[in-house]
Amino acid sequence: MKEKTAKRRLLGDRQPFGKYLKEQLKTRPAVTTIMVLYLAFCLASSIYLPISGRARDGGYSLVYAAVVPMFYVAEYFTRQKTPWLCVAFIMFWLFGSFIGACYNVYTLFEIAGSKCWDDIMHFCWGIVFAAAGFAVIKMFMGEPENNKKFFGCLIFAFAFCLMIAVFWEIYEFTVDCISPNYDMQEDTIVNSINSFFLHKPYDHLNTVVIEGIAYTELYDANGNLLYTIEGGYLDIGIMDTMWDIIWCTVSAAALCVALTVDRFTGKRFYKVMIPAVPNKKVESVADIPAEAIEAETAEALNETNDN
């Protein structure tokens, strides 16, 4: 059975999707377990949240659940196989984003008094999309056999991750501008500001430094007090945006460093983190060297054992 699967892989044949999915669920138990647990939670939430009066979050549950079939469809058409550790990072990031938004974990989870679940998610974001960028460039360049190709893939992966991060922040800014019901670029309380604008005369050379801000009062044109912001001055999004990009950059850089070290120490991390590209297609089984079949069969057995 494994030898037959190996021959089909080397031939580059694409089996019917139903058969492919059945094989993936059977031969990759670790990935299957992760997917089943995640899907079960999303579907259960799609029932629980509307009953609790949160119909919108129930709809989000179905959107997050749709990631599972989309994952297998993407693998099927790109002919790539995502290893279990990469899948674990992807699903942890999606699960964390889901419970953050729909179960209020963004405001409940704290470390050392700081609500930082969003930072953790953006850190995972960097790892997920750097790995995705590496997979994208491998679709065009193939496996990086030499160091030149490897570092080219690495640079693309890092840039791809940052590009997605910037596009996401533009999306958040756009949503906040057109909808009064969202605040995706969340506000931050700060205790000091440095401002060119407040300096008189304004010359873009000198700043006014204001420190120790305890509270801020907002008034309308008629002098009516609108709101008192306790604790300092309200930053309306720039700090949230910058920290999101910074955490994404840090984690993407960390992944690139880890892959570089791994490149020269055995490629073990690479094999469980970066999706594998398909083998080059040959015309018939007779054209496949025996050693290639043996190697592919051994790899299929190892994948089953690893999972």
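A residue counts as buried when its relative accessible area is under 20%, as exposed when that area is over 50%, and as partly exposed in between. Glutamate 145 has a relative accessibility of 54%, and it therefore counts as exposed. The structure discussed here is a predicted model, and the same three words will serve as a guide through it.

The overall picture comes first. The protein chain contains 12 helices and eight strands. It has 307 residues, of which 36% count as buried. Its accessible surface comes to about 18000 Å², and carbon and sulfur atoms account for 67% of that surface. The contacts of the chain can also be described by distance along the sequence. Among contacts between residues at least 6 apart in sequence, 65% join residues at least 24 apart.

Glutamate 145 leads to the subject of charged pairs. Side chains of opposite charge can pair when their charged atoms come close. How many salt bridges are there in this model? The count comes to three. In one of them, glutamate 145 is joined to lysine 149, with the closest N and O atoms 3.5 Å apart. Lysine 149 has a relative accessible area of 30%, which lies between the two limits, so this residue is partly exposed.

Another salt bridge is formed by the side chains of lysine 138 and glutamate 143, at 3.0 Å from N to O. Is lysine 138 buried or exposed? Its relative accessibility is 1%, so lysine 138 counts as buried. Glutamate 143, by contrast, is partly exposed, because its relative accessible area is 30%.

A further salt bridge brings together the side chains of arginine 28 and glutamate 75, at 2.8 Å from N to O. This pair links distant parts of the chain, as the two residues are 47 residues apart. Arginine 28 belongs to the loop between α2 (17-27) and α3 (29-51), whereas glutamate 75 belongs to helix α5, which covers residues 67-78. Both arginine 28 and glutamate 75 are buried.

The next stop is helix α10, which spans residues 238-263 and includes serine 251. Serine 251 has a relative accessible area of 1%, and it is therefore buried. What does the side chain of serine 251 reach? It reaches the backbone oxygen of phenylalanine 123, at 2.7 Å. When neighbours within four places in sequence are left aside, serine 251 is in contact with His122, Phe123, Gly126 and Ile127.

Phenylalanine 123 appears again at the surface. Together with Ile238, Met239, Met242, Trp243, Ile246 and Val250, Phe123 forms a nonpolar patch on the surface, and the accessible area of these residues together is about 590 Å². Which element gives the most to this patch? Helix α10 does, with six residues. Methionine 242, one of the patch residues, is found in α10. Its relative accessible area of 39% falls between the limits, so methionine 242 is partly exposed. Helix α10 thus holds both the buried serine 251 and the partly exposed methionine 242.

The strands offer another kind of arrangement. Strand β6 (residues 215-219) and strand β7 (residues 225-230) run antiparallel and are joined by five bridges. One such partnership involves threonine 216, whose bridge partner in β7 is isoleucine 229. The two strands form a hairpin with five residues between them. In the turn of this hairpin, glycine 223 has a positive phi of about 85°.

Some details of the backbone complete the tour. A cis peptide bond joins lysine 200 and proline 201, with omega at about -5°. Proline 201 lies in the loop between β4 (193-195) and β5 (208-210). Histidine 204 is also found in the loop between β4 and β5. The phi of histidine 204 is near 60°, which is a positive value in a residue other than glycine. With a relative accessible area of 49%, histidine 204 does not exceed the 50% limit, and it is therefore partly exposed.

Lysine 267 likewise has a positive phi, near 60°, and is a residue other than glycine. Where is lysine 267 found? It is in the loop between α10 and α11 (268-273). Lysine 267 is partly exposed because its relative accessible area is 34%.

Notes. Residues numbered from 1 in each chain as written. Predicted model: local features only at pLDDT ≥ 70, side-chain atom pairs only at ≥ 80, totals over all residues. Heavy atoms only, no water. Helix = DSSP H or I, 4+ residues; strand = E, 2+ residues; numbered from the N terminus. Buried < 20%, exposed > 50% of the residue type's maximum accessible area, 1.4 Å probe, protein only. Polar contact = N/O pair within 3.5 Å; in protein donor to acceptor, adjacent residues only side chain to side chain. Contact = heavy atoms within 4.5 Å. Salt bridge = Lys/Arg side-chain N within 4 Å of Asp/Glu carboxyl O. Patch = residues over 30% accessible without salt bridge, like charges linked within 9 Å, V, L, I, M, F, W, Y side chains within 5 Å. Areas by Shrake-Rupley, 256 points an atom, 1.4 Å probe, with all protein chains shown as cover. Pairing = 2+ DSSP bridges.
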